[in-house]
Each structure stands twice: as C-alpha cells, then as structure tokens.
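Here is a friendly briefing to read alongside the model. Keep the viewer open and follow the residues as they come up.

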Amino acid sequence: FINLAEQFKTEFLALKSQYEEHAEEKKIWTEKESNLLNKQKDLKRLLNTKTDEVVVLKENSSAQIMVIEDKEKTIKELKEGRTKAEAAQEELRQHNIKILEDLKVEIVGLKKIKTEIISLIDVKQMVDGHESIKQDESLKLREKEVKVLKEDILEFQNEDLAHTG
C-alpha cells in the first residue's frame with residue numbers, strides 16, 4: 001500500500017510538473033500570440049497610413065500633371081504669339097522699306113520741281129530784268145518750303161532707318 005501511495009505521489013508530482021511546464025508553455029504561446037496580434041494591428045495601421053499617403057501622392061501628382069499641362073499650353077500660346085508678332089514686325093519692316101522707296105521717288109520729283117522753279121525764275125528775271133520785292137519774298141518763301149520739306153524727308157528717313165535697323 002505504501003508503494004502504491006509512493007507511486008501515486010511520484011506520478012502526481014510528474015503530472016504536476018508536466019502541468020506546470022504545459023501552463024508555462026501555454027503562457028509563452030499566449031504572449032507570442034498577443035505580440036503577433038499587436039504586430040498585426042501595427043502593420044494594419046501602417047498599411048492604412050501608407051495607403052492614405054499613396055492616395056495623397058497620387059492626387060498631388062495628378063494636380064502637378066494638370067499644372068504642367070497648363071504651363072505647356074501657355075508656352076505654346078506664347079510661342080504662337082511670338083511667331084505672329086515676328087510676322088507682323090517683318091510685314092511692318094517691308095512696309096517701311098516701301099514707304100522709304102516711295103519717299104525717295106517723291107524727293108527726286110520735288111528736286112525736279114525745284115530745279116524747274118529756279119529755271120523759270122531765272123528765265124523770268126532775264127525777261128523782266130527787274131524783280132519786284134514781292135516776287136523775291138515769294139521765291140524766298142517757296143525756297144523755305146522746299147527746305148522744310150527736305151528736312152522733314154531727311155528726318156523721316158533717319159527715323160525709318162533707326163526703326164528698321
């Protein structure tokens with residue numbers, strides 16, 4: 001009977017020891033499970049945060065793409081405007097050249113008229129022999145008008161050359 005009691009006691013102690021080991025192992029596994037669950041929650045939070053960041057970055061990149069497209073459109077419009085301005089400037093330059101040529105023709109015509117007037121006056125002076133003060137003043141007035149016209153033409157030529165140069 002004592003043997004049986006000793007045997008029970010030994011088995012009981014062995015079972016108790018196994019139970020305590022099992023309880024300790026269960027505790028370790030429970031802690032590991034808890035740690036894994038916490039890590040899983042942290043990873044889910046991190047995933048949600050990163051997902052939100054990706055959405056924001058995507059929205060920002062879409063906005064930046066729109067800004068870039070707007071700037072490219074503005075650049076294209078500016079280039080077209082510059083091309084039109086250059087064409088208009090060339091047209092104006094050609095127009096100025098034509099006006100200058102027309103002006104040169106007018107100057108030659110005015111010089112011929114002046115020469116004809118002077119020769120007519122010379123002829124009249126020879127015929128009359130005497131010239132009245134009134135005719136002299138008229139001649140001087142015409143000469144002044146011709147001189148002013150010449151100055152105006154030269155001034156216009158200089159301005160035109162300055163603009164086309």
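Let us start with a pair of neighbours: Glu 53 and Lys 50 both belong to helix α1, where they sit 3 residues apart, or about one turn of the helix. Their side chains meet in a salt bridge, with 3.6 Å from N to O. Please keep in mind that this is a predicted model. In total, the structure holds 5 salt bridges, while the number of aromatic pairs is 0.

**Salt bridges along helix α1**

- Glu 53 counts as partly exposed, because its relative accessibility is 39%.
- Its partner Lys 50 is also given as partly exposed, here at 43% relative accessibility.
- Another of the salt bridges joins Arg 45 to Asp 42, and the closest N and O atoms of this pair are 3.1 Å apart.
- Arg 45 and Asp 42 are 3 residues apart in helix α1, which spans residues 2–128, so about one helical turn separates them.
- Asp 42 has a relative accessibility of 40% and therefore counts as partly exposed.
- Further along the chain, the side chains of Arg 82 and Glu 86 meet in a salt bridge as well, at 3.6 Å from N to O.
- Arg 82 and Glu 86 both lie in helix α1, and their spacing is 4 residues, about one turn of the helix.
- Arg 82 is exposed, because its relative accessible area of 54% is over the 50% cut-off.
- Glu 86, by contrast, is partly exposed, with a relative accessible area of 44%.

**A charge over a ring**

- If you look at Trp 29, you will find the charged end of Lys 32 sitting over its ring.
- The distance from that charged end of Lys 32 to the centre of the Trp 29 ring is 5.0 Å.

**A nonpolar patch on the surface**

- Leu 110, Ile 113 and Leu 149 together make a nonpolar surface patch of about 230 Å².
- Two of these residues come from separately numbered helices: Leu 110 has its place in helix α1, whereas Leu 149 is found in helix α2, residues 133–164.
- Leu 110 counts as partly exposed, with 31% relative accessibility.
- Leu 149 is partly exposed too, and its relative accessibility is 39%.
- Which residues does Leu 110 contact once its neighbours within four places in sequence are left aside? They are Leu 149 and Ile 153.
- Leu 149 therefore appears twice in this picture, as a member of the patch and as a contact of Leu 110, with a partly exposed position at 39% relative accessibility.

**Distances along the chain and in space**

- Leu 110 and Thr 74 are 36 residues apart along the chain, and 52 Å separates their C-alpha atoms.
- Ala 87 and Glu 159 are 72 residues apart in sequence, and from C-alpha to C-alpha they are 21 Å apart in space.
- Ala 87 itself lies in helix α1, and it is partly exposed with a relative accessible area of 45%.

Key. Residues numbered from 1 in each chain as written. Predicted model: local features only at pLDDT ≥ 70, side-chain atom pairs only at ≥ 80, totals over all residues. Heavy atoms only, no water. Salt bridge = Lys/Arg side-chain N within 4 Å of Asp/Glu carboxyl O. Helix = DSSP H or I, 4+ residues; strand = E, 2+ residues; numbered from the N terminus. Buried < 20%, exposed > 50% of the residue type's maximum accessible area, 1.4 Å probe, protein only. Phe/Tyr/Trp six-rings, centres within 6.5 Å; stacked < 30°, edge-to-face > 60°. Lys NZ or Arg CZ within 6 Å of the ring centre and 35° of its normal. Patch = residues over 30% accessible without salt bridge, like charges linked within 9 Å, V, L, I, M, F, W, Y side chains within 5 Å. Areas by Shrake-Rupley, 256 points an atom, 1.4 Å probe, with all protein chains shown as cover. Contact = heavy atoms within 4.5 Å.
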